[in-house]
Amino acid sequence: MQKHIIAGNWKMNPAHQDEAHALASNIEAGCAALGKNIEVAVCPPFPYLAAVRAAVKKVKCGAQNVFWEERGAYTGEVSPLQLKNLGVAYVILGHSERRMHLWETNEMINKKTKAALECRLSVILCIGESEREDGEIPSVVGDQLAQALSGVKKNFLKNLTVCYEPVWAISTNKNARPDTPDNAFRAGVFVRKIVTGLYDRKTADTLRVIYGGSVRKDNISAFLTEGRMQGALIGGASLDADEFIAIAALASRAK
Ligand code: PGA
């Protein structure tokens, strides 16, 4: 089984590198004493990756996107090799904000997933529906997962974390509310069922599945215990060092 992970998605924040460096340093200091049973990662915007990487040791550094080619004439893009060479360990892919605002398709996310995994980056693959009508997790979530993993070799799945993140639960979206731990549990079962179909039961059982969407220190424990999630992707609350450290500490104690 992979360890639990608490990953901070800073999105397009903060405005200045000094703030990014300070936030990363505070999180590193606050997480230094946590046990080995938990991974903590922060994912700043590209321009701060080097400064954040230099500020952390126990805490891992992640990016929020990557291109699918290793090098070449691709203006404005960043390659998996460049991230790897910078000491970046994780990359978030398939986030709903990139699907929505940058028109990322499942096909693009699949290419990025393959390129990142082949470059030995660990991928946090986000999937999740925009609306839920009848309580069931809609089939679109299964399609997102199956398409992202198309052609991905089984042995790479140990470096993959699937993040179930319903779009309506993301704190900055209108009328946002966190999903229930019970639904998160069902999402975990749903993800493993699909992965069993694509690969096999053992691969599905060892896959790390986490939850994202309005996670805070007052609800993290329920997602990990009742929801059986193996961690969380944290947006808004990851910009507050004290709150983020508290979430990581609670996660390291969750059974
Ligand atoms: P949130 O964001 O924690 O602010 O809801 C999560 C995310 O979008 O990854």
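A disulfide is taken here as a pair of cysteine sulfur atoms within 2.5 Å. The model is predicted, so local features require pLDDT of at least 70 and side-chain atom pairs count only at pLDDT 80 or more, whereas totals for chains, interfaces and linings use all residues. Residues are numbered from 1 along each chain as its sequence is written, and side-chain values use heavy atoms, with hydrogens and water left out.

By the distance rule for sulfur pairs, the structure has zero disulfides. Cys31 forms no such bond because the closest cysteine sulfur, in Cys43, is 13 Å from its own. Cys43 is likewise in no disulfide, the nearest cysteine sulfur being that of Cys61 at 7.4 Å. Cys31 is buried (under 20% relative accessible area, with a 1.4 Å probe and protein chains only), its value being 0%. Cys43 is buried too, with a relative accessible area of 0%.

The ligand is surrounded by 13 residues, a residue being counted if one of its heavy atoms lies within 4 Å of the molecule. Among these residues, Lys11, His95, Glu165, Ser171 and Ser214 come nearest. By class, the shell comprises four nonpolar, seven polar and two charged residues; Asp, Glu, Lys and Arg count as charged, Ala, Val, Leu, Ile, Met, Phe, Trp, Tyr, Cys and Pro as nonpolar, and the others, Gly among them, as polar.

Individual atoms give a closer view of this site. His95 places a polar side-chain atom 2.8 Å from an oxygen atom of the ligand. Ser214 approaches through its backbone, with an N or O atom 2.8 Å from a ligand oxygen. For Gly236, a backbone N or O atom also lies 2.8 Å from an oxygen atom of the ligand. Taken alone, the ligand exposes 280 Å², of which the protein buries 99%; these areas come from the Shrake-Rupley method with a 1.4 Å probe.

Technical notes: A polar contact is a pair of N or O atoms within 3.5 Å; within protein, one must be able to donate a hydrogen and the other to accept it, and residues adjacent in sequence count only if both atoms are side-chain atoms. Buried means under 20% relative accessible area, exposed over 50%, partly exposed in between (1.4 Å probe, protein chains only).
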